[in-house]
2 protein chains.
Amino acid sequence: MGELTDPGGGLVSSTVGAITRLIREQDLMPGDRLPSEATLSRDLQVSRTVVREAFRSLAAMRIIELATGKRATVAPIDHGAMSLIIEHGVHTDQISIQQIYDVRRTIETRIVTLASLRRSDDEARIIREEAEAMRASIATPEELMRHDLAFHMALARASKNPVFALIVGAFQGITSQTWPIGWRSRTSAEGREAMIANHEKIAEAVADGDPERAVAAMSQHFDESVRALISAGLT
Amino acid sequence: MGELTDPGGGLVSSTVGAITRLIREQDLMPGDRLPSEATLSRDLQVSRTVVREAFRSLAAMRIIELATGKRATVAPIDHGAMSLIIEHGVHTDQISIQQIYDVRRTIETRIVTLASLRRSDDEARIIREEAEAMRASIATPEELMRHDLAFHMALARASKNPVFALIVGAFQGITSQTWPIGWRSRTSAEGREAMIANHEKIAEAVADGDPERAVAAMSQHFDESVRALISAGLT
DNA sequence: CACCACAAAGCTGTCATACAGGTTGATGTT
DNA sequence: AACATCAACCTGTATGACAGCTTTGTGGTG
């Protein structure tokens, strides 16, 4: 089948390279099946152990998908791995929550602009429904949070740029861990109401195809969120 | 030591969770050593094979670092895994180069603003040096590209937000694969000269602490880059 | 001819064992 | 106290084994 490059850098890492190259050279698309472990083991002249560890590496990055009994398949892009990477950065004090929010603000400000211009009617409806669902679940924070995250994800998708969706998704893991802090710091009913109203404003502006208003509302949302987190004592 | 959650979702995946939890609960910081494979195998009641595959998964995301003979250590954040994920998305036609550039423009526009306000004198010097190095290596594209990438990375670092640096780094893998296309499409000496001059303008503005001028120059840089790529036939 | 049931072959998940070679820490020497 | 040496420990890779799931092909049935 082919040679392994970098024979000194560890067999597994070479094998990861070989499998990646195989995907490229054969133009495999998401869903396509890879050779079996035994086949790769034979073709690449390494033990099945090595092939398996290489598969695990690629699966961790969501480049391939593994399943019992089935062959490994090429995976669609997914933010799962990125989510874990970000969480690790935060938990080891290499990234602060405020820095996350600064990046989110940058990204999501652009997202609402694009979403306002490009959203389909279906997407506008879904975005509005998530905002409504937030209001409906104001008494159950767990569910409220789920709709909040879904709202931002729906916006990202409506931007029609999968990379924006990927990045927004990458932040959702850590966000779901810090969201309750911000929510608890909004002690008054008005504070909580205002947060939901902000989402509705964003949804309306996007539905109306009004980027300026959408950006303004999103900006206000982030001002308010960051204020809430700071007042809760987050650096 | 502890129980494994989700016992039905695959032993390896449970073990990854257990190790992650261990890092959190013990507040391990980058550089700290993890238990040996044998120890984890005993404590988690799984075979060493499973522990190794779990380690490989975490190492693929750069959450831990492995080395022969040494114990695994907690890793500093690194964009290596994200780079591979993005490359995979592009090679499987799930992400287009233009979409990458749209995100980069969004991110890097914000970066130059922050860098203008926050850069240290050292950082300003490094940024300028990379721009100068670009001009000096105008005849050797390979080297020129290296300095171009280093220039953008230095800017990202000067923003003082590691998440921006992470994202910029994540794009460098695929960028280094498409950069030559853009360069070749700049057929005239003036075109090539203009590209380098743009970088110099950015460096000057950042050194002067002038965010508006920096943003304008960065914006122009992206306009020009995207034009170059399109004229080379990239969708 | 189409369809279904079923058995065989193939594949992955996990475990145990073995050994080469790198790393670390303790021991003893100067 | 500094250093050299070595034993214990640790990781990287290979092999073999087996349970359980999936795919495939076969042949029978309507």
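Here are a few notes on how the two protein copies pair up and how they meet DNA strand C.

1. Ground rules. This is a predicted model, where local features need pLDDT of at least 70, side-chain atom pairs count only at pLDDT 80 or more, and totals for chains, interfaces and linings use all residues. Residues are numbered from 1 along each chain as its sequence is written, chains are lettered from A and ligands numbered from 1 in the order in which they are written, and side-chain values use heavy atoms, with hydrogens and water left out.

2. Symmetry. Chain A lands on chain B after a rotation of 180° with 0.0 Å of shift along the axis, RMSD 0.0 Å (least-squares fit on C-alpha atoms of residues with pLDDT of at least 70 in both copies). The copies are therefore related as by a two-fold rotation axis. Both use the same surface: 100% of chain A's contact residues (heavy atoms within 4.5 Å) recur in chain B. A:S57 is the chain A residue closest to the axis, its C-alpha at 2.5 Å.

3. Around the DNA. Strand C has 22 residues around it, and A:R52, A:K70, B:L11, B:S47 and B:V50 come nearest (near means a heavy atom within 4 Å). Of the strand C atoms within 4 Å of the protein, 75% belong to sugar and phosphate.

4. Individual pairs. A side-chain N or O atom of A:R48 sits 2.9 Å from a base nitrogen of strand C. On the backbone side, a polar backbone atom of A:E37 is 3.1 Å from a phosphate oxygen of strand C, and a backbone N or O atom of A:G69 is 3.2 Å from a sugar or linking oxygen of that strand.

Terms used:
A polar contact is a pair of N or O atoms within 3.5 Å; within protein, one must be able to donate a hydrogen and the other to accept it, and residues adjacent in sequence count only if both atoms are side-chain atoms.
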